[in-house]
Structure formats: structure tokens, C-alpha cells
Amino acid sequence: MRSLLCAALLLATDAAACELVLEGAWVRAAPPGVDRMAAYVTLRNGGSEDCVITGASSPAFGSAMLHRTVTEDGVSRMRPLGQLSLAAGGSLDFAPGGRHIMLLGPVAPLTATVPVTLHHEQGEVTALFEIREP
Amino acid sequence: MVDARDEDRPRAAGRGAGWLLYAGVGAFALAIGVLTWVAGQGAPAEIQGTVLERPRPVPDFQLLDQDGVAVDGGMLRGRWSVLFFGFTHCPDVCPTTLYSLKRAVAELDQPPQVIFVSVDPMRDTVERIAPYVRYFDPAFIGLTGELADVQALTDGLGVAVAYVPLATGEGGGAEGYTVDHTASLFVIDPQGRLAALLHAPHHPAALARDLEALSR
């Protein structure tokens, strides 16, 4: 009986290898005439294996890309972020001046929130990102 | 609060000791006054940036403001100014900085004029710049113009600018680039000279404090 329980437990943990959770998700409101907005969030991995984050998307925008601002010797550069690996139990911040999700080309007038999906090797997670002034 | 021990302290005897006391207090007050004056004369002790030992005149320029009005270096004389070089297609650094500037100048009794200079005049026309700067603060100024004129100013101030292709997933083309640019704030004195650079990251409270210290 005990070995059956153990097997069941093993199966349960194996099925939830990468558990990606999105916290504090928000999008900075864009000035008039601007077609791109930066989305910020804290990613947490509550699972037992690394999450390999591969990209983002949103039904409200034509495209969404992971970017990073690097400020070095006083010069700011925005560069695409490739895959990101988030260790089990770890967290990763997307915050102003650093990593962000660039949402490009709104397909319709925006409401108070924007659905954004983070894709990873084992699936995807969607959250509603709140549009904020700052 | 009266300390009981005051009663026990021997009083100064005679007019001589009293005179010494007044002289001492007077000298102390004078010293404080002198120190305050001296501190006000020199460069601020600590800012998040670099104060130029010798302020450097900003090279003259010919640009357009957000109302399409032709402006030149004369606009920098008579009051303090803060120049920020950016572009409207910048989703992260530029809005973050402009918002910080808005919050910072709101704290100041005598705010400097905030001037956003586009390093991407190809896309940032007057029509595009106007609602952009006004969105952050109706008092903010936006400058754009011919690429050569913008470059004359960025070269003259040592502002780094580089155009880098960006795969936007829409087939690239004319829209598909980002602009690497100096993110420091250029603080200009009322004589139109570069007095200091303030380095990123720009947080409103520190920015307000540094701007006030520089313009004292």
C-alpha cells in the first residue's frame, strides 16, 4: 500500500515540474500616439524543475517580446531577451530600467487590463496586467 | 525643561565673564554663517552624477519645439534647464525617466525647464512629439528637427546615439529599430552652460534633491 502511495506522489510532483506564477503584473500606460507599452511582472517558479521561459504574447497586441534595458557607462540600450531559465523556487523581476515585455501594436482601444501570456517549455500562464500611469 | 543641576552651577562672576559668553556665542553664530555661505559657494557635496569643474557652453542649435516653433540655444538662457535625450518609440527608459522628472520638478519651488530632445527625428516629428511630452507634463518641452541639427547638438554635448535593428516580428523595415542613447540628464545653468550630468537610474526624490542642490 505504501509503495502505491509513493508512486502516486512521485507522479503528482512529476506532472507539476515547472510551476510558473505571475505576480504584481502591470503595464505602463502609453502617451498618445505611441504604439508600444512596457509590461512588468515578477515571475515565480513554485515547481520542482526549472522553468524555461521562451516568450510572451497577448491577444490585445500584434506582438509581444521579451526585452531588457541595459544601462552601461551612461548609455541605455534595449535588447531582445532570449530564453530565460527560472530555477525551481526562484523568482525573476521584470521592472522599469531592466527586463520588460514590450507589447507592440494594440489591436483595439485598451481597457483597464491587458491579458498577457508567458510561454515556457512546458506550457504557458496568462494573467491580466493592470494598466497604470507611472 | 529645567534641569535641577542648573541651580547648583556657579553663576559667571562679574561683567567680564558675561562679555566672554556673549562673544563666544557671537563667534559661534558667525562661524555657522560663514560655513553656510562657503558651502553654498562651492559645488554640491554629493549628487548622483558629475559636476563639471568648469561649466561648458552648450553649442548653439537650430531645432523645432513641440509647437513647431524654431528655437535655438537662446532658450537655455535665463533659467536652469534639464535636457533628456530619448525617443518616443522607447517603451521603458524614456517614459520612466520623464515620469521621474515630472515628479521631481513638482517638488521644487523653482523648477528647471525640462526639455526632451529626440534622438530619433526620423520618426519623431513635431506632430508626434507634442502629445508625447504634454502627456507627462504640459510644461515639458520637446525638441526635434533635421537629423543633422539633432546630431550637431548630440555631438556637441557628447551624447551617444546608435540606431540598432530590432526584429519586431512585423517584417522589420523602417519601423524596426531601437536607439541606444545616453540616459544621463544634462543640467544647464542660466548662462546656457552644461553644469552637471545626473546619472541613471533617476528616482524622483534624489532627482529633486540633486536639482535643487545644483541650482542653489
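# Two chains and the strands between them

I would like to begin with a small detail, B:Pro201, which is placed in the loop between β10 and α6 (204-214) of chain B. What I want to point out there is the cis peptide bond that joins B:Ala200 and B:Pro201, with an omega of about 0°. Before going further I should say that this is a predicted model, and I will speak of everything that follows with that in mind.

There is a second backbone detail of this kind, in the other chain: A:Asp73 has a positive phi, about 55°, although A:Asp73 is not a glycine. The residue sits in the loop between β4 (61-72) and β5 of chain A. As a reminder of why I pick these two out, most residues other than glycine have a negative phi, and most peptide bonds are trans.

Let me turn to the sheet of chain B. Eight strands make up an open sheet with mixed pairing, and if you follow the strands across chain B the order reads β1-β10-β9-β4-β5-β6-β2-β3. The edges are formed by β1 (49-57) and β3 (70-72) of chain B, each of which pairs on one side only. On average, and with direction ignored, neighbouring strands of this sheet are turned by 30° against each other.

At the β1 edge, the pairing of β1(B) with strand β10 of chain B, residues 193-198, is antiparallel and runs over five bridges. If you want one residue pair to look at, B:Val51 is the residue that stands opposite B:Ala196 in β10(B). Across the sheet lies a helix, α3 of chain B, residues 93-105, which covers β4 (81-86), β5 (113-118) and β9 (185-188) of chain B and runs at about 165° to β4(B).

In chain A I will restrict myself to the strands around β10(A). Strand β1 of chain A, residues 20-28, runs parallel to strand β10 of chain A, residues 123-132, and three bridges join the two; in that pairing A:Arg28 has A:Arg132 in β10(A) as its bridge partner. Strand β9 of chain A, residues 113-120, is instead antiparallel to β10(A), with eight bridges between them, and the connection from β9(A) to β10(A) is a hairpin through two residues. Within this pairing, A:Val114 faces A:Phe129 in β10(A) as the residue opposite.

That brings me to the interface, where 28 residues of chain B are in contact with 32 residues of chain A. Between them the two chains, B and A, bury about 2,200 Å², with 58% of that on carbon and sulfur atoms. On the chain B side, the residues that lose the most area to chain A are B:Pro91, B:Asp92 and B:Tyr135, which together account for 28% of what that side buries.

As for polar interactions, there are 11 residue pairs in polar contact between chain B and chain A, counting pairs with both residues at pLDDT 80 or more. Sorted by class, the side of chain B that touches chain A holds 15 nonpolar, eight polar and five charged residues. Two salt bridges are counted between chain B and chain A, and one that I would show you is the pair of A:Arg79 with B:Asp180, whose closest N and O atoms are 2.7 Å apart. The elements α3, α4 (126-136) and β8 (177-182) of chain B each supply at least two residues of the side that touches chain A.

How many salt bridges are there over all chains? A search of the whole structure finds 10. Returning to the pair I just named, A:Arg79 lies in strand β5 of chain A and B:Asp180 in strand β8 of chain B, so this pair joins two chains.

The backbones meet in that region as well, since strand β5 of chain A, residues 75-80, runs antiparallel to β8(B), and two bridges join them. In β8(B), it is B:Thr182 that serves as the bridge partner of A:Val75.

Methods. Residues are numbered from 1 along each chain as its sequence is written. Chains are lettered from A and ligands numbered from 1 in the order in which they are written. This is a predicted model: local features need pLDDT of at least 70, side-chain atom pairs count only at pLDDT 80 or more; totals for chains, interfaces and linings use all residues. Side-chain values use heavy atoms; hydrogens and water are left out. Two strands pair if DSSP finds at least two bridges between them. Helices (H or I, at least four residues) and strands (E, at least two) are DSSP runs, numbered from the N terminus. Axes are lines fitted to C-alpha atoms, for helices over the stretch in contact, and angles run from 0 to 180 degrees between N-to-C directions. Contact means heavy atoms within 4.5 Å. Buried area is the accessible area (1.4 Å probe) that two parts lose on being put together, summed over both. A salt bridge is a side-chain nitrogen of Lys or Arg within 4 Å of a carboxyl oxygen of Asp or Glu. A polar contact is a pair of N or O atoms within 3.5 Å; within protein, one must be able to donate a hydrogen and the other to accept it, and residues adjacent in sequence count only if both atoms are side-chain atoms. Ala, Val, Leu, Ile, Met, Phe, Trp, Tyr, Cys and Pro count as nonpolar, Asp, Glu, Lys and Arg as charged, and the others, Gly among them, as polar.
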